[in-house]
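Welcome! Here are some short exercises to work through at your own pace. Try each task before you read its solution.

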Amino acid sequence: MTTVEDVQDRTAAADIAVTIVDTDVHPLPVSGEVLKSYAPAEWKDKLWPTGNAVSAVPHFYDTPDSYKTNSLRVDASPPGGGVAGSDPDFAAKQLLVDAGVSIAVLEPMCDAQLPQAEDVLKATHNDWLADVWLGEANWHGRWRGAISVTAQDPVAAAREIERWAGHPYMAEVLMTPQTRGIPFGSPHFDPMYAAASRNGLPVATHLMGQTPFELIPIYPVGNPAHWHDFFASWPLLYVSHLMSLVFDGAFDRHPDLRVVFVEGGFTWALPAMWRMDRIWEQRKADLPHVRRKPSDYVREHVRFTTQPLEEVDLGEYRQYLEMMDLGDNIMFSTDYPHWSYDSPDWAIRRFPADQRERIMRGNATALYGLPATVKALPSELPGDVAV
Amino acid sequence: MTIIDANVQPHFRFNSEIRRYLSAPHKLRAIPDVEQQWYQAPGGDYRQDLYGDGYPGSDPETVAHHLFDQNGVDHAILNPLTRGNIADYLLNSRICAAVNDWLLDRWLEPDTSNRFRGTIRVNPEDVRGAVAEIERLAGHPKMVQVGVPMQSREPYGKPMFEPIWEAAAAHGLPVAVHINGGNGVDHAPTFAGHAYTYPGYAAFMPLNSFVHLATLIVEGMFGRHPDLRFVFADGGYDILTPLMWRLDTFWMSMRDQTPWVNRFPSEYLRDHVRFCSSALDGPTDESQAEQWMDFTAKADLLMYGSSYPHWSATAPDAVVAGLSDAQRDKVLWRNASDLYGVTPAEPAIQTPKSKGA
Amino acid sequence: MQRRPVCAIEDLPPGTMKLVEAGKFGVGVYNIDGSLYAIANYCSHEGAPLCLGYVRGTNEYAPEMPDQIRHVREGQIARCPWHQWEFDITTGASLADPKKKVRTYEVDVADGQVYLTA
């Protein structure tokens, strides 16, 4: 059985083929003190003001039993202590070895109320990620990271992107979709999109259920009372941003921009594309700058991660994916170590056979420029799943 | 072939006409214009060819000719718009009452051919007033549903609205949700804020029906009221499949927070939910239409609705293109007939029918 | 399948569980108020180690309560450590959808020893 110590042993580092790319994994600092150590001295008290609240950023909707789970897998706590996702070696054991993931994209989650503070907080997380996960711990080259940036100040975001562009393991830019009423197609984001495109970095976005007050999405017809229907409706945030990206011309202004919608699933994209195509056909005069069919923009510029996969009759599900024909745009993700984790073994069998390779590996490899092989961890065999 | 058009918006002839039906205290209040809209379509919301002496859709004879003669429709459900969720909720209720009285006076009572049916418009922000209005008009044989706006600051599954739905269900009246115009005090129409283009608004707005629907299920509203039915009259039902899959999937995890939900959420659809068609629905590849309708058993949920006199108004043939015979049957008349108790009958006057758009 | 000793009954008091290396993924043997049950350590959803999750009660609809909810069956429900699906330990059936089940096994006590047939 693979142990954490085994993972640290590099002596048996043979090369293995990349078979599964996981496009959504959440590392956490092992402690607030560790994270703070990466922040500029003058910002420590401002970013983490002393106070009596134990939870710095509370849930505004809670997942099952979250007082105990903290929205994490109950079996993912490192044996050496710390919260799930805080130990790179234990994460490597559970995700890379046990679950068979070859390469995983790490996406820390953080937001702050004010633009400058958020810029500093994101930079702090980037420094922490690069040091703790992408440095020594990444001797095997199987972690990638996201450059977190503030959506509130796209010029500052562009600076942060330039600071990290060229880092061997930073694979994408990461921004919140909870953008205080500014949709993704707005020229407001142009400096960020330009910097990302210029450096060949996709812009990923990820929903966040623990945020400052201003980031709580107020739904157009009001908010549900439970996480259940709130979360079932959440893809409509991505639909809103997707429509804006197309109709407001972001892809025309940034022909090399690639956008990744993370942790929103993807099956909603089919009806969204149909609606966009239909309104464009019927109201072309309203959209003179949209030179192509909206669904063409989606196929070229947009990617979706798979998690959370729906629990539905397999035959019906595969029929839907075949009809959807988005096999080039979907990228597998686990959301490790969150509670709503999708296992690669289970997920791969959900997809139509002719889409599997692209979804599990090919699309992410092409998007992020990933290698064909990585270093094996001790006792790892391709496809092995330890108990 | 029988056809029921489940979604037609008749309009007042001119802006001040509503004041004939408003009670005295409100005669000098500001009321949004007939065509007032926060997001108006460039060039106008309605078919260009229908602007004449009055607003499009304001002359019963013209409307009857377009629907019954040209489109071959047998019955039309009239669902007039009100003027949005204006801040003064009591005035809003009086506007609804004025619209209802006008509908009876101008459209339903004079219709000796018995082909029009109507909607009792109510204001969900005035719960007592809404219940009273339902009680006032539910007995009228031509009023076949209650109508509320899509726009709301709280989703319709929330408990404050329950007395309204209870009253509607008690009278066997479905509740139709339809995007309204006017000057409402609303949240931004998309999840990402205001739309910057009309297409960005028009393509997204009907999808908000899912939040109303999800809360009606998860809050137990459908569970407590077996006879309650909702109609989402602006289309947007294609997104039902992926989002109901999500709602079903996470019910497995969340059941203990809302244990009154005692079955898969999608199992509530057949008994409680219907949609009207729109110009933005359906696969763009017609060859996929029949298979697509089988997902989430949409053929049992969908009713043809023209949206006449909107610029996007659709003829029956366009809506059912590519569907199987059984699906066409359900969509063109059977689902609406079952829901509204409108039985196909011989027309009162035999007129030659010429098909057109 | 074989009938295998697990432990002395004193070592499995009510409210506890022993994870036994049996079957493909292991089997959890539970003592619930003196009755013994065994379920596979494998959630029928995505294969999570079911027996590593919380053992809880569940909630049922109680319209007479102000919050319309009542907690019942404490200690009888296994919640999957991943998606928190609820499984009735005594039957192996999911509470939400009884058609979804986890595998159950026979447990018996003889001469003070707990035996699992797996």
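**Exercise 1. How many residues of chain A are in contact with chain C, and how many residues of chain C are in contact with chain A?**

Solution. A word of care before we begin: this is a predicted model.
Step 1: Count on both sides. On one side there are 15 residues of chain A, and they are in contact with 13 residues of chain C.
Step 2: Sort the chain A side by class. The residues that touch chain C divide into 6 nonpolar, 2 polar and 7 charged.

**Exercise 2. Describe the contact between chain A and chain B, then find which elements of chain A take part.**

Solution.
Step 1: Begin with the counts. Here 52 residues of chain A are in contact with 57 residues of chain B.
Step 2: Look for the elements of chain A that give two or more residues to this side. These are α9 (227–233), α10 (235–247), α12 (269–282) and α14.
Step 3: Sort by class. The side of chain A that touches chain B has 31 nonpolar, 12 polar and 9 charged residues.

**Exercise 3. Find the cis peptide bonds that end at A:P308 and B:P309, and place each proline.**

Solution.
Step 1: In chain A, go to the bond from A:Q307 to A:P308, which is cis with omega near -5°. A:P308 sits in the loop between β8 (302–305) and α14 (314–324) of chain A.
Step 2: In chain B, go to the bond from B:Y308 to B:P309, which is cis with omega near 5°. The loop that holds B:P309 runs between β8 (302–303) and α11 (316–319) of chain B.

**Exercise 4. B:T296 has a positive phi, and so has B:A297. Is B:T296 buried or exposed? Work out how B:A297 is classed as well.**

Solution.
Step 1: Check the backbone. B:T296 is not a glycine, yet its phi is about 60°. B:A297 is not a glycine either, and its phi is about 50°.
Step 2: Place them. B:T296 is in the loop between α10 (289–294) and β8 of chain B. B:A297 is found in the loop between α10 and β8 of chain B.
Step 3: Count neighbours. B:T296 has 20 C-beta neighbours inside 10 Å, so B:T296 counts as buried. B:A297 has 13 other C-beta atoms within 10 Å, so B:A297 is partly exposed.

**Exercise 5. Describe the surroundings of A:H125.**

Solution.
Step 1: Find the element. A:H125 lies in helix α6 (residues 115–132) of chain A.
Step 2: Class the residue. A:H125 is buried because 23 other C-beta atoms lie within 10 Å.
Step 3: List its contacts. Leaving aside neighbours within four places in sequence, A:H125 is in contact with A:P108, A:C110 and A:S148.
Step 4: Take a distance to A:S186. A:H125 and A:S186 are 61 residues apart in sequence and, C-alpha to C-alpha, 26 Å apart in space.

**Exercise 6. How many helices and strands does chain C have, and does its radius of gyration agree or disagree with that of a compact globule?**

Solution.
Step 1: Count the elements. Chain C has 0 helices and 9 strands.
Step 2: Compare with a globule. A compact globule of 118 residues would have a radius of gyration near 13 Å; chain C has 15 Å, so the two agree.
Step 3: Add the outline. The C-alpha atoms of chain C fill a box of roughly 50 × 30 × 20 Å along the principal axes.
Step 4: Look inside. Of the 118 residues of chain C, 40% count as buried. Among contacts in chain C between residues at least 6 apart in sequence, 45% join residues at least 24 apart.

Notes
Residues are numbered from 1 along each chain as its sequence is written. Chains are lettered from A and ligands numbered from 1 in the order in which they are written. This is a predicted model: local features need pLDDT of at least 70, side-chain atom pairs count only at pLDDT 80 or more; totals for chains, interfaces and linings use all residues. Helices (H or I, at least four residues) and strands (E, at least two) are DSSP runs, numbered from the N terminus. A residue is buried if 20 or more other C-beta atoms lie within 10 Å of its own, exposed if 12 or fewer, and partly exposed in between; C-beta atoms are placed from the backbone. Two residues are in contact if their C-beta atoms, placed from the backbone, lie within 7 Å. Ala, Val, Leu, Ile, Met, Phe, Trp, Tyr, Cys and Pro count as nonpolar, Asp, Glu, Lys and Arg as charged, and the others, Gly among them, as polar. The radius of gyration is taken over C-alpha atoms; the globule rule is 2.2 Å times the number of residues to the power 0.38.
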